[in-house]
Amino acid sequence: MERQQSHSLQEGGGDPHLWLEEVAGERALAWVEARNAESQARLAESPGFTTLRDDLQAILDADDRIPFVVKRGEHFYNFWQDRNHPRGLWRRTTPEEYRKARPEWEVLIDLDALNAQEGENWVWHGARCLKPSDPGQPWRHCLVSLSRGGADADVTREFDLVEKRWVVNGYFRPEAKGGLCWVDPDTVYAYTDFGEGSLTESGYPRIVKRWRRGMPLDEAETLFAGESDDLYITAWHDPTPGHERDFVSRARAFYDSELYLCDADGSLHRIKVPNSAHKQVHREWLLVELREPWELDGTTHPAGALLVVDFEAFMAGSRNFRVLFTPTERTSLADATWTRHHLILNVLDDVKNRLYVLTPEEGQWQPDPLVGVPTLGSVSVSVSAVDEEESDEIFLVVSDYLTPTTLLHGQVGEELETLKQAPALFDAEGLEVTQHFATSLDGTPIPYFQVARRDLEPNGEHPTLLYGYGGFEVPLLPGYNPGVGRGWLAQGGVHVVANIRGGGEYGPRWHQAALREKRHKAFEDFASVAEDLIARGVTSPQRLGVQGGSNGGLLVGNMLTRYPQLLGAVVCQVPLLDMRRYHQLLAGASWVAEYGDPDGDDWDAFLRDVSPYHNLDPAADYPPMLLMTSTRDDRVHPGHARKMMARMHEQGHRVLYYENIEGGHGGAADSRQRAHMQALAFTFLGQRLFDPAKLV
C-alpha cells in the first residue's frame, strides 16, 4: 500500500506538499514560523540551552582565534567576524604587525556599518583584487562580492584599496549567480545573468563576456556562449609575467569540463585532455589530475594519477607527460600547490596527510618530504603559497580533532616556524583519537575516526554522534572543531566521523564507487560504521545519533528510512530528500551526474529507492528527527526539508523542524545564528541520547 502512495508522489501533481516549495509564499512562511515556534519551545526553552548557545557563540567570536590571511602586495588581508561585528570586517595589516599576538588592523569595509547605511543584510562573499603590472605600484582595484542573507546569488562592486572607498561609477554586477574577474584595470570578464536565456538550466552563467570600463553591461562583447544544458561557463586571466594567458572554462556537468586557451583575437583552442580530469596551467606547465583511466602511447594511467607536461609543447602536439603521482589502494592525492620554484603534493594515506616537494629541474621531479612539518598522525594539513608568482614562501595549517589549529610559516626547504596557535576552546584532557575500519556489506573496509575518553568502557552505554557526507569527492579530514568539543565531547559524548564511499578520501575511485545507481553503497558504508560501533561496545542503537548536511542530509535521511533500528536520533541539515524533483529545484539540475536523472529510466531503476521523501512508511518506528534548513538557501531548496517535515508529521512520526530565515546553504549568516542552530542540534541530540526514555 505504501509503495502505491510513494508512486503517487513521484508525479508531482500527487504531492500534497508542493505548496511548501514556494520559498517566500505567505502560506509557506506562516507554516515555517509555526514549526520554528514548536522547535523553539521544545529545545530553546530547555534547561541549559541558553548557556550552551552563549558558550558556542563565545567560541565562534573568540578574539584569539587565528586570523587567516591572504597576501596582496605589502599587506596581509583578513575577513573577521565577532560579537561586535557579526557581519564582519574586511581589514589588513603588515606582515611584521601580523606576527604580534594582537596585531593592529586597518579596516577597509565594515559590513555591519554598510548594512545599517544601506538598509541591507549583506553577507561577505569575498574579494578579487588585481595585481598591479608595475611592482612599484600599490594594489588598488578590487571586486567585492556581497550576498543578501548568505544566498549563492550575489552582487559585485568595485572597491579602491588606495582610497579605501567604493569606486563611484565603478564596476557593478547586479544580483545573480556568477562573478567578475579582472583582465586589466579597465577590463573584466563577466559571467552572470545577462537576461532571458543567459543562464543554464541549473541557474548558473551560460555566457561569459569581455566587459570594458564605462560600457553598459548589456553591450559587453561575448567571449563564449555555452548550451542551456551546460553547468557553468566562466573565464579568467593569468597575469603571471612571461606567461600571460586567458582561459575559458566550459563545465558541461560535474566531472565533465572543457578548458580553452583564448587568443587575443578571441579564438579558442581546446586543451585536449579528458573532460573528467582536473586541469591546471601554471607558468610553463600543464598539470592533469585524472578522474578516469587515460591511455597514452600504450600506457594506461589510472584514475587519481597526476601528470605534468610542458604546456606550449603540449599545445603543439607533444604528449610527453611525466607521472608525478600514482595512487595505491590506501593513498590518494588531496591537492597540489605551486610556489615559485616547487610543487607541493598533499597525499592522503589512509586519510592522514603526507607532504612532498617536487622541483622541476632538468626534467626531474624527484619527491622529497617537506622540511619542517610536524610528525603527522591523525591530523589534517593544508598548504597555501603566500605568493606563488614570486616566492617559495608558504603557510601550513595543521589541525586534528583534539589539538587547536596551528599556522606555520616559512620557505620551502627550510624549517617552518609557528606563526599563530589557536587557543584550546574545550577541555581535551583524557580524550583520544583512534582510527578504526568497519566492513561494509560488500566487504570493503571503511575507515572512521573516533574521539572518546581514553578509558572508555565497552558497555554500549555511551551517547555517540556519527557524522558523514559521502558525496562529490569531498573528503572528511581530521580538524579541530571546538563547537563539537563544547557541545558534545564536554558532555561526555563520543564523536565519530565516517570516511564513506562517495567522498574523496581515496580519490576518484572512492567517489565513483557510490555514484548514481551505486549511491546505496554510501548508505551501506555508514550503516556498517554504526554496526561496528555497536559491536565494539561503544554505543547502542538508542544512544546512537547521526548527523549530516546537504548531500549528508540525503545520507542521514536514508539512514532514517533504511536503518531505523540502528538509530536513536537523526539531525538532518539543509538536505536533499525529494529525489523525484531535486533536478527541478534551484541548482539541482547540476547534480544529475552525481545522482541520476529522475526524468529518465533512473527513477524506476534506482532513484526512487534512495529518495527518503518517497520511502517514508507510516507504520515504521523511526527515531526522532530534527530537520534544519535556511529560507535563503538558493542551492539546495528548503522545500526538501519542509516537505519531509510535513509528511513525517502527517504520518505521526517524531520530528522537529527549524528554518533559519537567513544563511544560504551554510545555514547561518553570522555567529549568533550559527551558535543558535548548533545549540538546537546538540540539545536535541542530548535529550534523545543521554536520556533515551525522554520522548520528543
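A residue counts as buried when its relative accessible area is under 20%. Keep that cut-off in mind as you tour this predicted model.

**Stop 1: Tyr98 and Phe76.** Select Tyr98 to begin. Its relative accessible area is 1%, so Tyr98 is buried. Now add Phe76, which also counts as buried because its relative accessibility is 3%. How is a pair of aromatic rings described? By the distance of the centres and the angle of the planes. A search of the whole structure finds 28 aromatic pairs. Phe76 and Tyr98 form an edge-to-face pair, with 5.4 Å from centre to centre and 85° between the planes. Phe76 belongs to strand E2 and Tyr98 to helix H4, so their pairing ties together parts that are 22 residues apart in sequence.

**Stop 2: Trp90 and Phe159.** Next, select these two rings. Their centres are 6.1 Å apart and their planes lie at 70°, so this pair is edge-to-face. Trp90 sits in strand E3 and Phe159 in strand E7, so the pair links parts 69 residues apart in sequence. Both Trp90 and Phe159 are buried. Add Tyr77, Phe79, Trp124 and Trp166 to your selection, and you have one aromatic cluster together with Trp90 and Phe159.

**Stop 3: charges over rings.** Stay with Tyr77 and show Arg72: its charged end sits over the Tyr77 ring, 5.2 Å from the ring centre. Then jump to Arg580, whose charged end sits over the ring of Trp603, 5.5 Å from its centre.

**Stop 4: helix H10.** Finally, select residues 551-562. With 12 residues at 1.5 Å a residue, H10 should span 16 Å, and its end C-alpha atoms are indeed 16 Å apart. H10 is mostly covered, with 11 of its 12 residues buried. Among them are Leu554, Val556 and Met559.

Technical notes: Residues numbered from 1 in each chain as written. Predicted model: local features only at pLDDT ≥ 70, side-chain atom pairs only at ≥ 80, totals over all residues. Heavy atoms only, no water. Helix = DSSP H or I, 4+ residues; strand = E, 2+ residues; numbered from the N terminus. Expected span 1.5 Å × (residues − 1). Buried < 20%, exposed > 50% of the residue type's maximum accessible area, 1.4 Å probe, protein only. Phe/Tyr/Trp six-rings, centres within 6.5 Å; stacked < 30°, edge-to-face > 60°. Lys NZ or Arg CZ within 6 Å of the ring centre and 35° of its normal.
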